[in-house]
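Reader: I have a chain in front of me and would like to go through it step by step. Could you take my questions one at a time?

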Amino acid sequence: MTFARVRSLVVVGTLAAVALVMIIIALVRDTQSGNASPGAKCKEGYVLANIALHEPKDVKISVFNATNRPGRAASVADDFRNRKFQVIKTGNAKSGVDDVAVLRYGPKAVGSAHLLRAYFLDQATPQYDAKRKDDVVDVVIGNGFKQLATSTEVNQSLVELGGRPELPPGTCAADEGS
């Protein structure tokens, strides 16, 4: 064996030994092993909230008309369907709304409601209900509604909203990695 081969085997062996030592150190000093479950840092009595921003195709909504214009919920629902949202139900609201829209949602739909706020250029009034168990956002169309935002306006509105949704009081993030 030549001296060059011996030297290269020593260098490769040393690098392998150093790599093995570094792997063992990393595994021993790992601080993330105790945080495996979502909500591990959640305070007692807090509810896990889904703050992931979903694609429109993954967002479920119900559209309700709270205006004096008949058929408003159906036309807005069609606009949302054209934008690939899952429209679960349409109908009339029990009472009128003077705002542009009201978004009613629970902990499982926090991220979806945040996305929908962008479609109303942050003019919709959010109404969070901690007791709600579904992942559907109720969109109540009010008298101030004119039209949904364009895709460019939605993107700009999301930037202005800060990108990530704020956690409602009494909640903690269920999906930090999502």
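Reader: Which residue in β6 does Arg104 stand opposite?

Author: First, the ground rules: this is a predicted model, where local features need pLDDT of at least 70, side-chain atom pairs count only at pLDDT 80 or more, and totals for chains, interfaces and linings use all residues. Residues are numbered from 1 along each chain as its sequence is written, and side-chain values use heavy atoms, with hydrogens and water left out. Strands (E, at least two residues) and helices (H or I, at least four) are DSSP runs, numbered from the N terminus. In β6, the residue opposite Arg104 is Asp138.

Reader: How many bridges join β4 to β6?

Author: Strand β4 covers residues 101–105, and strand β6 covers residues 136–141. They run antiparallel. Two strands pair if DSSP finds at least two bridges between them. Here the number of bridges is four.

Reader: Is Asp138 buried or exposed?

Author: Asp138 is found in strand β6. Buried means under 20% relative accessible area, exposed means over 50%, and partly exposed lies in between (1.4 Å probe, protein chains only). Asp138 has a relative accessible area of 16%, so it is buried.

Reader: With which side chain does the side chain of Asp138 make a polar contact?

Author: A polar contact is a pair of N or O atoms within 3.5 Å; within protein, one must be able to donate a hydrogen and the other to accept it, and residues adjacent in sequence count only if both atoms are side-chain atoms. Contact in general means heavy atoms within 4.5 Å. Leaving aside neighbours within four places in sequence, Asp138 is in contact with residues including Ser62, Phe64 and Val102. Its polar contact, at 3.2 Å, is with the side chain of Arg132.

Reader: In what order do the five strands form the open sheet?

Author: The pairing in this sheet is mixed. The edge strands are β3 and β5 (125–128), each pairing on one side only. The order is β3-β2-β6-β4-β5.

Reader: By what angle are neighbouring strands of this sheet turned against each other on average?

Author: Axes are lines fitted to C-alpha atoms, for helices over the stretch in contact, and angles run from 0 to 180 degrees between N-to-C directions. For this average, direction is ignored. Neighbouring strands are turned by 20°.

Reader: Which residue is the bridge partner of Asn65 in β3?

Author: Strands β2 (residues 60–65) and β3 (residues 86–92) run parallel, joined by six bridges. The chain crosses between them through helix α2 (residues 72–82), and this β-α-β crossover is right-handed. Right-handed means that, with the strands pointing away from the viewer, the path from the first strand over the helix to the second runs clockwise. The partner of Asn65 is Asn92.

Reader: Across which strands does helix α3 lie?

Author: Helix α3 covers residues 110–119 and runs at about 170° to β4. With β4 and β5, it makes a right-handed β-α-β unit. The strands it lies across are β2, β4, β5 and β6.

Reader: Is Ser112 buried or exposed?

Author: Ser112 is found in helix α3. Not counting neighbours within four places in sequence, Ser112 is in contact with Ala52, His54, Val59 and Val137. With a relative accessible area of 4%, Ser112 is buried.

Reader: What is the C-alpha separation of Pro126 and Tyr105?

Author: Pro126 lies in strand β5, where it stands opposite Leu103. Pro126 is partly exposed, at 40% relative accessible area. Tyr105 is 21 residues away along the chain, yet the C-alpha atoms are separated by 8.0 Å.

Reader: How many aromatic pairs does a search of the whole structure find?

Author: Rings of Phe, Tyr and Trp (its six-membered ring) pair if their centres lie within 6.5 Å; planes under 30 degrees apart count as stacked, over 60 as edge-to-face and the rest as tilted. The search finds six pairs. One of them is edge-to-face, at 5.1 Å centre to centre and 80° between the planes: Phe80 and Phe85. Both belong to a cluster with Tyr119, Phe120 and Phe145, and the total number of pairs is six.

Reader: What is phi of Lys84 near?

Author: Most residues other than glycine have a negative phi. Lys84 lies in the loop between α2 and β3, and counts as exposed at 58% relative accessibility. Its phi is positive, near 75°.
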